[in-house]
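Please walk me through this protein model, paying attention to the space enclosed inside it, to how its helices are covered, and to where the coordinates deserve caution.

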Amino acid sequence: MVKEVGAPAGEELAGEELAGEGLAGEPAGQEEAKVRELRRRLVALGQELQSQPHVGIATPRELPGELNPEKLTDDTLRRFLVARRWNLDKAFQMYSKFAEYRLRVPEGSIAAADVSVGLRHKKTFLLPDVGEPCFLTVMQRHIVSECPDGEAFKYTQFSFDRINNYLKKQGEEKVVFVFDFTGFGWDNLDVKTAAEILKQAQDYNPERLKKAILFNAPTLFWTLWKMITPLMDSRTQKKFKFCYNIEALKKPFPASGVPESMGGEAPESSWVPIEDV
């Protein structure tokens with residue numbers, strides 16, 4: 001059984017609903033015009049930053065980081081516009097904050113050595129055989145007491161960098177996340193990491209999330225859920241699904257791609273660790 005977050009108890013959703021939504025848009029002409037205008041404003045911002053020596057641009061003609069025209073693709077700008085319901089001013093503010101963040105934390109700047117504890121837990125994987133970009137987190141393996149200060153931020157950014165690179169190579173824009181809560185206990189309850197994941201997803205990777213499937217979430221999970229729900233916008237919250245029946249997962253995903261630990265046929269040896277993605 002798959003239940004939508006906030007749905008009445010017992011309500012079932014068809015497996016195909018896990019496929020997610022497309023990008024909500026406006027009439028084609030208006031949509032294209034807003035993408036062009038957002039790009040114009042961001043290029044102007046980049047040119048303004050060029051004159052500020054503290055930005056530290058190596059090549060004077062190169063616009064900084066995410067303000068480089070090569071990064072301002074239609075698909076990228078459209079994601080930020082959709083996240084702000086096609087409000088140009090809000091999309092500009094959102095992307096500007098993202099660009100400023102990336103100047104402080106460039107893509108790929110966090111190395112595997114910086115997140116050695118998280119990687120040692122062996123908790124995040126690409127599931128390569130489900131037919132679409134899909135990443136699994138085994139929640140029981142996240143041992144909060146072993147994580148050093150700053151690990152929540154670093155591990156989350158490290159993972160998102162690899163996920164984004166994978167999507168780029170595959171020519172994809174969206175990803176499905178599966179969180180397996182089987183065996184989840186107090187040692188795994190981590191509000192700080194959950195909040196960091198949401199911030200990364202909503203503020204810096206808008207409209208990357210296709211669906212988040214929460215598998216076998218126990219009663220304890222609702223303590224975490226009540227704490228992080230206020231941090232979600234309504235659009236993000238609607239993408240979360242609770243799943244308590246492996247048969248429901250086999251509707252959108254082939255059994256051969258679903259992990260054995262969740263009732264499917266894919267052994268852990270077929271999962272790709274996040275550091276190898």
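**Enclosed and open space**

In this predicted model, the lining of the second largest cavity divides into eight nonpolar residues, one polar residue and no charged residue. The residues concerned are Leu 127, Val 130, Val 178, Leu 249, Phe 253, Gly 257, Val 258, Pro 259 and Met 262, and Gly 257 is the polar one, because glycine is counted in the polar class here. The volume that these residues enclose is about 40 Å³, and the cavity is one of two that reach 30 Å³ or more. Such spaces are found by a simple idea: rolling a probe the size of a water molecule over the atoms shows where empty space is left.

The largest cavity has a volume of about 570 Å³. Its lining consists of 31 residues, and those that lie nearest its centre are Thr 137, Phe 179, Thr 193, Ala 194 and Ile 197. Two or more lining residues come from each of helix 5 (151–170), strand 4 (175–180), helix 6 (191–204), strand 5 (209–215) and helix 7 (221–228), and of the contributors it is helix 5 that gives the most, with seven residues. Sorted by class, the lining of this largest cavity holds 20 nonpolar, eight polar and three charged residues.

Thr 137, one of the residues nearest the centre of the largest cavity, belongs to strand 3, which covers residues 134–138. Is Thr 137 buried or exposed? Its relative accessible area is 16%, and Thr 137 is therefore classed as buried, since the class takes in values under 20%. Apart from neighbours within four places in sequence, the residues in contact with Thr 137 are Lys 123, Thr 124, Val 178, Phe 179 and Asp 180. Of these partners, Phe 179 is also among the residues nearest the centre of the largest cavity, while Val 178 is part of the lining of the second largest cavity. Between the C-alpha atoms of Thr 137 and Leu 126, which are eleven residues apart along the chain, the separation is 9.0 Å.

Turning from enclosed space to open space, the largest pocket contains about 400 Å³. It is lined by 22 residues, with Thr 76, Arg 79, Asn 164, Lys 168 and Arg 208 lying nearest its centre, and the elements that supply two or more lining residues are helix 2, helix 3 and helix 5. By class, the pocket lining has five nonpolar, six polar and eleven charged residues. Helix 5 thus appears in the lining of the largest pocket as well as in that of the largest cavity.

**Helix 1 and its cover**

Helix 1 runs over residues 28–50, and its 23 residues reach 33 Å from the first C-alpha to the last, close to the 33 Å expected at 1.5 Å a residue. Which residues of helix 1 are buried? They are Glu 31, Val 35, Leu 38, Leu 42, Leu 45, Gly 46 and Leu 49. The general geometry is useful when reading such a list, because an α-helix has 3.6 residues a turn, so residues three or four places apart point the same way. Among what covers the buried residues of helix 1 are helix 2 (74–83) and helix 3 (88–104).

**Two loop residues**

The loop between helix 2 and helix 3 contains Arg 85, whose phi is near 50°, a positive value in a residue other than glycine. Arg 85 is exposed, with a relative accessible area of 63%. A second case is Asn 216, in the loop between strand 5 and helix 7, where phi is positive at about 60° although the residue is not a glycine. Asn 216 is partly exposed, with a relative accessible area of 28%.

**The chain as a whole, and its confidence**

Taken together, the protein chain has nine helices and seven strands, and 47% of its 277 residues are buried. Of the contacts with a separation of 6 or more, 75% join residues 24 or more positions apart.

The mean pLDDT of the chain is 87, and 86% of its residues reach 70 or more. Over residues 6–23, however, pLDDT stays under 50, and the model has 32 contacts beyond four places in sequence for this stretch. Residues 57–61 also have pLDDT below 50, with six contacts in the model beyond near neighbours in sequence. Where pLDDT is low, the predicted coordinates should not be read in detail.

How values were computed:
Residues numbered from 1 in each chain as written. Predicted model: local features only at pLDDT ≥ 70, side-chain atom pairs only at ≥ 80, totals over all residues. Heavy atoms only, no water. Helix = DSSP H or I, 4+ residues; strand = E, 2+ residues; numbered from the N terminus. Expected span 1.5 Å × (residues − 1). Buried < 20%, exposed > 50% of the residue type's maximum accessible area, 1.4 Å probe, protein only. Contact = heavy atoms within 4.5 Å. 1 Å grid on protein atoms, 1.4 Å probe; cavity = no way out; pocket = protein on both sides within 12 Å on 5 of 7 lines; lining within 4 Å. Points joined across faces, edges and corners; volume = space filled by probe spheres on them. pLDDT = per-residue confidence, 0-100.
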